Structure formats: C-alpha cells, structure tokens
Amino acid sequence: MSGSNLPIPAARPVIGEAEIEAVVRVLRSGHVIQGPEVAAFEEEFSELVGDRACVAVNSGTSALQLSLMALGVGPGDEVVVPSFSFAATANAVRLVGAEPVFADITPGTYCLDPDAASAVIGPRTAALIPVHLYGHPAAMDRLMPLADRHGLAVVEDACQAHGAALHGQPVGTFGNAGCFSFYPTKNMHAIEGGMITTADPQLARTLRLLRNQGMERRYENEIVGANLRMTDVAAAVGRVQLQQLPDWTEQRRANAKVLDSRIEGLPVPQVADGARHVYHQYTVAVPDGRRDAVQQELTRQGIGSAVYYPTPIHRLKPFRDAAGPALPETDRAAAEVLSLPVHPSLGLGDLERIARAVSMAGGAR
Ligand SMILES: *Cc1c(COP(=O)(O)O)cnc(C)c1O
C-alpha cells in the first residue's frame with residue numbers, strides 16, 4: 001500500500017523518547033524549578049543568538065511582557081506593532097499598561113513595514129515590536145535605524161523564528177531584547193516556555209529579577225516582580241529539542257524548496273533579499289475570495305492547512321478601539337493567507353501531494 005491518502009497534519013509537534021527520558025531524569029533529580037537545566041538551556045540557546053545573554057521564562061508572551069517591563073515601557077507609552085500577528089504581540093503591550101499602535105505590513109513578507117511604522121511614530125511612542133512572522137525576518141536593516149533616529153526601544157517578537165537571520169545576523173540580536181516561544185507548534189518546543197535574549201547585562205539582570213519576585217537572592221527582594229519562571233522539566237525538553245533544531249530547520253527549508261518548485265498558479269512565500277527564512281509556516285496567498293474553498297478542498301483530501309491569522313489584531317474585540325490608520329495590506333493578508341504543512345516529518349510524496357492538491361484547487365483556471 002502506498003499510504004498516499006493518509007491524512008497529513010498541518011503541524012506535528014515532537015514528543016519523543018529523548019524528551020520523555022529528559023523529563024523523567026529531571027523529576028528523579030528533585031531539582032524541578034529554575035535549576036541546573038534552566039541554566040544549561042540558557043547557555044546552550046545563547047549559541048543561536050551570537051552569545052547574547054538568555055533569560056528563560058514560562059512563555060513567549062511572558063518574554064514580551066517582561067522585556068517591555070524591563071525597558072520601562074508602561075502607562076502613557078505607545079508601542080508600534082503589526083496587526084498581522086498573534087494577539088500575544090499586542091496583549092503584552094496592554095499587560096504593561098501601554099497602548100499598541102498598529103502599523104501595516106509589507107506585502108509578500110507579511111512583516112512590519114518600515115514606512116508604515118515610521119508614519120505612526122509620535123511623541124508618546126516608546127518602542128517598536130517587529131514580528132518575524134512565519135519564520136521570515138522583519139526588515140531589521142531599516143527598522144533599527146528608524147528606532148535609533150527616534151530613540152525607541154526595540155523588542156523583537158521572534159516567537160516563530162528560531163534560527164532565522166537577515167544578512168547573516170540572527171534574529172533576536174538586533175533589538176534591545178529578542179523574544180522566543182517554546183509552545184509545542186513552534187519550530188522547537190519546551191511544552192511551554194519562552195526565552196529573552198539581550199546584549200545588555202543590566203537589562204538581563206532586571207529580567208532575572210522581574211521573572212522571580214524581584215529576587216536574585218532568596219528573600220532579598222529588590223523590586224516588584226512576577227513569577228514567570230521556567231521549570232527544569234520544560235528546560236530539559238527544550239534542551240533535547242534545541243539539539244534537533246538545526247536539522248529540523250534544514251528539513252523545513254528543503255521542504256519549502258520542494259513546495260516552491262511544485263506549486264503552480266499561486267504566489268509562494270517571498271524571501272526578502274538577504275533573509276534566511278526558517279518556515280515556521282509555509283504560507284501561500286489565495287486571492288479573489290477563493291481561500292476558504294481551497295482550504296475545504298484540502299481538508300477533503302486529508303491535507304491539513306491553517307489560516308494565520310483570519311482576524312487581524314486591530315479587529316479583535318479588545319483592540320477594536322485602538323487608534324491607528326487603515327491597514328489595507330493587513331486586511332488583504334487576513335483574507336488570502338493559507339499555511340500548508342511544511343514540518344520536518346513530511347516526505348517527498350507528502351510534499352508532492354500537497355503541491356498538486358493546492359495547485360489544482362487554487363491555481364490558475
Ligand atoms: C506563539 C507566539 C507568541 C506567544 O508565545 P507563547 O509561548 O504561546 O506565549 C507571541 N508572538 C507570536 C508571533 C507567536 O507566534
């Protein structure tokens with residue numbers, strides 16, 4: 001039997017024997033909260049981000065929130081964010097009492113557009129949060145000079161972009177802080193978890209205080225802090241996954257190449273000049289209101305797919321009344337994007353089947 005009609009899931013998080021053994025080892029050790037495994041995970045992750053300091057927390061959302069807090073962003077401040085992202089990007093801004101101001105994306109890369117960001121910067125703007133959406137680096141070569149010109153902090157939302165780079169520089173090393181997520185569907189996971197990267201030792205220390213009740217030494221609280229610690233159980237899983245990340249990333253990139261060459265009649269993902277895309281998602285655009293029909297046809301053929309994101313953040317209930325310009329490219333993307341399976345466990349037969357199905361369902365007629 002060829003197995004060619006078996007369902008192909010949109011994503012396939014790995015929880016293998018090595019992850020299970022790591023968890024059991026930690027549980028037997030008795031060190032379960034922010035102990036040696038967390039320290040080792042921080043050390044090992046720093047290799048991915050040019051040896052920057054790494055501060056582990058319990059989620060990518062916590063990473064964003066703590067970064068803003070540590071940078072002193074709060075009530076009265078505005079933070080420029082793309083609306084075409086997961087709501088966590090804007091939630092983090094509101095959680096520290098600041099206001100998100102939404103700016104449009106560059107068509108094709110779906111990342112924060114430097115001109116659009118520039119247009120919404122005002123006297124209250126304190127920071128920018130570029131999102132490396134789908135694993136494609138945002139235009140940091142233009143966003144960093146923009147931030148510098150206006151004296152703004154930059155927090156990179158790299159939650160979907162472990163190992164992505166622009167002109168050879170890894171994401172998470174451009175801004176004051178870089179934020180990664182280890183949620184199960186990301187390119188690597190720790191069940192739940194997040195990491196903050198920074199080149200600033202003072203900021204790293206503040207982040208360490210903020211994640212743990214404001215304490216570096218027990219019961220010697222220095223500032224008001226939260227409990228956003230990572231467990232050693234999560235860190236042990238993250239360490240196992242981190243070892244696999246280079247191979248998985250190459251597999252994602254190879255899978256994307258196959259899809260690029262086989263998909264006909266639909267625009268395949270664009271890669272900006274100098275960008276290293278790590279394909280957290282492989283996202284095509286299906287124009288003319290045909291996206292949902294194409295997705296239904298894929299579902300009928302047992303091929304998983306997903307829409308990230310059907311509703312831009314500025315149209316979600318908590319953010320509808322936020323100030324900001326019209327966002328035509330964001331609205332267009334929300335209506336057209338369709339993410340196809342690209343995860344490392346796909347075989348050539350799967351990729352051919354996905355490409356054939358989407359080309360026939362959505363391609364030129
Ligand atoms: C997943 C994600 C987050 C949040 O990460 P969690 O670990 O789920 O809290 C933030 N921003 C983006 C763009 C994400 O994809």
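**Exercise 1.** Determine which domains supply the lining of the largest pocket in this predicted model.

*Solution.*
Step 1. Check the domains. Domain 1 (17–239) and domain 2 (245–363) each give at least three residues to the lining.
Step 2. Get the volume. The largest pocket holds about 590 Å³ of space.
Step 3. Find the residues closest to the centre. Of the 41 lining residues, these are Tyr183, Pro184, Thr185, Lys186 and His280.
Step 4. List the elements that give two or more residues to this lining. They are helix H3 (60–70), helix H4 (88–95) and helix H8 (232–262).
Step 5. Sort the lining by class. It has 20 nonpolar, 16 polar and 5 charged residues.

**Exercise 2.** Describe the second largest pocket by volume, lining and class.

*Solution.*
Step 1. The volume of the second largest pocket is about 300 Å³.
Step 2. Name the lining. Gln34, Arg208, Arg211, Asn212, Met215, Glu216, Arg217, Arg218, Tyr219 and Arg229 line this pocket.
Step 3. Classify the lining residues. There are 6 charged, 2 polar and 2 nonpolar residues.

**Exercise 3.** Decide whether Glu42 is buried or exposed, then map its surroundings.

*Solution.*
Step 1. Place the residue. Glu42 sits in helix H2 (residues 36–45).
Step 2. Apply the cut-off. Buried means under 20% relative accessible area. Glu42 has 10% relative accessibility, so Glu42 counts as buried.
Step 3. Look for a polar partner. A polar atom of the Glu42 side chain lies 2.8 Å from the backbone nitrogen of Ala56.
Step 4. List the contacts, leaving out residues up to four places away in sequence. Glu42 touches Cys54, Val55, Ala56, Met195, Arg208 and Arg211.
Step 5. Link back to Exercise 2. Arg208 and Arg211 touch Glu42, and Arg208 and Arg211 also line the second largest pocket.

Terms used
Residues are numbered from 1 along each chain as its sequence is written. This is a predicted model: local features need pLDDT of at least 70, side-chain atom pairs count only at pLDDT 80 or more; totals for chains, interfaces and linings use all residues. Side-chain values use heavy atoms; hydrogens and water are left out. Helices (H or I, at least four residues) and strands (E, at least two) are DSSP runs, numbered from the N terminus. Buried means under 20% relative accessible area, exposed over 50%, partly exposed in between (1.4 Å probe, protein chains only). A polar contact is a pair of N or O atoms within 3.5 Å; within protein, one must be able to donate a hydrogen and the other to accept it, and residues adjacent in sequence count only if both atoms are side-chain atoms. Contact means heavy atoms within 4.5 Å. On a 1 Å grid over the protein atoms alone, a cavity is a set of points where a 1.4 Å probe fits but cannot get out, and a pocket is an open set with protein on both sides within 12 Å along at least five of seven lines; lining residues have an atom within 4 Å of a point. Grid points are joined across faces, edges and corners, and a volume is the space filled by probe spheres set on the points. Ala, Val, Leu, Ile, Met, Phe, Trp, Tyr, Cys and Pro count as nonpolar, Asp, Glu, Lys and Arg as charged, and the others, Gly among them, as polar. Domain bounds come from an automatic or database domain assignment.
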